[in-house]
Amino acid sequence: MKDCVFCKIIAGEIPSAKVYEDGEIVLFKDIAPLAKIHLLCVPKEHYAHLSEWNAARKRVLADALEKIAALAPSLGLEDGYRLVINQGESAGQTVPHLHIHILGGEPLGWEK
Ligand code: AMP
Ligand code: ZN
């Protein structure tokens, strides 16, 4: 989608530090990391919210979780990691292209 920063990253129009890519998702480093390792897992299809669920998106996200689990050891996340999806402004969503935050690489606290 025009004017979407993640669509531009997916299209290679703006740079990113990609650590994994396939036909359905891309993983790249968050530009403002909140943990020692902070990656974003982004479906290549543009949509903003989980409420825009359909069968194809459901399969891509389920596959994404499986891929994250498989990739974790090679990404330095062998000791554990946290997955976060911010949905909507109140939750802190700033980029309206669905994404999963992957946080780890160090012991994580728990704050609201
Ligand atoms: P959220 O607040 O859940 O929508 O998360 C958006 C995330 O995207 C934030 O953690 C930002 O730091 C990150 N972000 C924004 N622009 C970029 C970019 N160009 N490259 C990498 N990460 C980005
Ligand atoms: Zn997008």
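**Entry: Leu77**

I started at Leu77 and listed its contacts, leaving aside neighbours within four places in sequence: Ile37, Leu39, Ala72, Ile102, Gly104 and Gly105. I'm working from a predicted model here, so I keep that in mind throughout.

Then I asked which residues touch the most other members of the largest nonpolar core. Leu77 is on that list, together with Ile25, Leu27, Leu39, Cys41, Leu75 and Ile102, and the core has 17 residues. Next I looked up the elements behind it: β2 (25-29), β3, α2 and β5 each give two or more residues. The largest share is from α2, with 5 residues. I also found a second, separate core of 10 residues, with Cys7, Val26, Phe28 and Val42 among its members. As a general note to self, nonpolar side chains in soluble globular proteins tend to be buried together.

**Entry: the zinc ion**

Which residues hold the zinc ion (ligand 2)? I get four protein donors: Cys4 and Cys7 through SG, His46 and His97 through ND1, at 2.0 to 2.3 Å from the ion. Angles among the 4 donor atoms run from 106 to 116°, and the site comes out tetrahedral. I wrote the sequence spacing down as C-x2-C-x38-H-x50-H.

I then placed the two histidines. His46 sits in the loop between β3 (37-43) and α2 (55-71), while His97 sits in the loop between β4 (81-84) and β5 (100-104), so the pair ties together parts 51 residues apart in sequence. Buried or exposed, I wondered about His97? His97 is buried, at a relative accessible area of 0%. His46 is partly exposed instead, at 23%; the cut-off for buried is under 20%.

One cross-reference: Cys7, a zinc donor, is also a member of the second core.

**Entry: His99**

I stayed in the loop between β4 and β5, where His99 is also found. His99 counts as buried, with 6% relative accessibility. What does the side chain of His99 reach? I find the backbone oxygen of His97 at 2.6 Å, and His97 is itself a donor to the zinc ion. Not counting residues up to four places away in sequence, His99 touches Phe6, Leu40, Cys41, Val42, Val84, Ile85 and Gln93. Cys41 is in the largest core and Val42 in the second one, so I noted that His99 contacts members of both cores.

**Entry: Gly88**

Gly88 lies in the loop between β4 and β5 as well. With residues up to four places away in sequence left out, I see Gly88 touching His49 and Gln93. Gln93 was in my contact list for His99 too. I also checked Gly88 against Ile9: they are 79 residues apart along the chain, and their C-alpha atoms are separated by 21 Å.

**Entry: ligand 1**

How many residues surround ligand 1? I count 16, and the closest are Asp30, Asn86, Gly92, Thr94 and His101. I went through some polar contacts next. A polar side-chain atom of Asn86 is 2.8 Å from an oxygen atom of the ligand. A polar backbone atom of Val95 lies 3.0 Å from an oxygen atom of ligand 1. For Ile31, a backbone N or O atom is 3.1 Å from a nitrogen atom of ligand 1.

**Entry: His38**

His38 is in strand β3 and buried, with a relative accessible area of 4%. I followed its side chain to the backbone nitrogen of Leu34, at 2.9 Å. Apart from neighbours within four places in sequence, His38 is in contact with Phe28, Lys29, Asp30, Ala32, Pro33, His101, Ile102 and Leu103. Asp30 and His101 caught my eye, as they are also among the closest residues to ligand 1. Phe28 belongs to the second core, and Ile102 to the largest one.

**Entry: the two ends**

Last, I looked at Asp3 and Pro107. Asp3 is in the segment before α1 (5-10). What is the phi of Asp3? I read a positive phi of about 70°, although Asp3 is not a glycine. Asp3 is exposed, with a relative accessible area of 60%.

Pro107 lies in the segment after β5 and counts as exposed at 80% relative accessibility. I also took a C-alpha to C-alpha distance from Pro107 to Tyr81: 8.9 Å, with their positions 26 residues apart in sequence.

Definitions and conventions. Residues are numbered from 1 along each chain as its sequence is written. Chains are lettered from A and ligands numbered from 1 in the order in which they are written. Side-chain values use heavy atoms; hydrogens and water are left out. Donors are N, O and S atoms within 2.8 Å of the metal (3.2 Å for Na, K and Ca); water is not among the atoms, so sites may look incomplete. Four donors count as tetrahedral if all angles lie between 85 and 135 degrees; four count as square planar and six as octahedral if opposite donors are over 155 degrees apart and all others between 65 and 115; anything else is irregular. Helices (H or I, at least four residues) and strands (E, at least two) are DSSP runs, numbered from the N terminus. Buried means under 20% relative accessible area, exposed over 50%, partly exposed in between (1.4 Å probe, protein chains only). A nonpolar core is a set of buried Ala, Val, Leu, Ile, Met, Phe, Trp, Tyr and Cys residues joined through side-chain atoms within 4.5 Å. Contact means heavy atoms within 4.5 Å. A residue is near a molecule or strand if one of its heavy atoms lies within 4 Å of it. A polar contact is a pair of N or O atoms within 3.5 Å; within protein, one must be able to donate a hydrogen and the other to accept it, and residues adjacent in sequence count only if both atoms are side-chain atoms.
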